[in-house]
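Thank you all for coming; I would like to walk through one structure this morning, beginning with a strand and ending with some aromatic rings.

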Amino acid sequence: MTNHNSILEVNVKNLQYNYKKLSGLANRSICAATIKSDAYGTGVLKVFDALYKVNCRHFFVATTQEALEIRKKRSTANIYVLNGLESNNISVFSNHNIIPILNDIDEYNFVSKNLKKYKKLKFGLHVDTGINRLGINFKEFLKLKFKNNIHILISHLASSDESKNYYNAVQNTKFRKAIDQQFTTNIKSLSNSFALILGKNYHYDLVRPGISLYGGHQNTKIKKIIKPVVTLKAKILQIKEIGKNEYIGYNQT
């Protein structure tokens, strides 16, 4: 038998507590959960089950593979894939009731052309309001002629952990302009973890906290609201006493 030298403890009760508290910050909005990368390394299926028990019904992952792993075990709840189609056949999403978030115009046009075949498919769009990672270019988005109902429209803030940063308002204004385009959508979502404390103007229909669910706070006001979820414990292998003018490790550092 091999004994592990370290243990990562995940406090499920604190995780559920955090979800409830964060939900309360935007009590007029749906509160989703971002569970990408194995729920930030804490175990995605257990986190999914824990949050489902406290009425979370919307979950965001990064990849199609993550979504399929969850869907094979859990048949209910909305699962959104932030990376979009990832060159997968649309049937993968339609057959497994997974919602891709489309990040470029080519993906949107491709899906639009195939909706008659995949009538059950729900999809979302990501408009880039200034973080310049994923998402459809803002100016290009404003020129789009929409033919279909969009299940969810999202964007992502670059500096929500800096409550006084002017860029939050810049992005929010762009998001409102995007919403004003001629299309119908069921859900609008801008707020990540720290946008929850920026105020109601940022909350829209759905908020999607990520790192704050697991205890991350970036020294913002959220620090006083949430509880720590993850504890790493490790064995001490050796304690050494060294003298003055001696060194530790490589290159006498």
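Let me start with a term: a residue is called buried when its relative accessible area is under 20%, exposed when it is over 50%, and partly exposed in between, using a 1.4 Å probe and protein chains only. What we are looking at is a predicted model, in which local features need pLDDT of at least 70 and side-chain atom pairs count only at pLDDT 80 or more, while totals for chains, interfaces and linings use all residues. Residues are numbered from 1 along each chain as its sequence is written, and side-chain values use heavy atoms, with hydrogens and water left out.

Strands here are DSSP runs of E with at least two residues, and helices are runs of H or I with at least four, numbered from the N terminus. In strand 10, residues 185-189, 4 of the 5 residues are buried, so this strand is largely enclosed by the rest of the structure. Strand 10 runs parallel to strand 9, residues 150-154, and 4 bridges join them, where DSSP must find at least two bridges for strands to pair. Within this pairing, leucine 153 stands opposite lysine 188 of strand 10.

Turning to the rings, which pair if their centres lie within 6.5 Å, with planes under 30 degrees apart counted as stacked, over 60 as edge-to-face and the rest as tilted, a search of the whole structure finds 11 aromatic pairs. In one of them, tyrosine 166 and tyrosine 167 have ring centres 6.0 Å apart and planes at 70 degrees, so the pair is edge-to-face. Tyrosine 166 is exposed, at 61% relative accessible area, whereas tyrosine 167, at 22%, is partly exposed.
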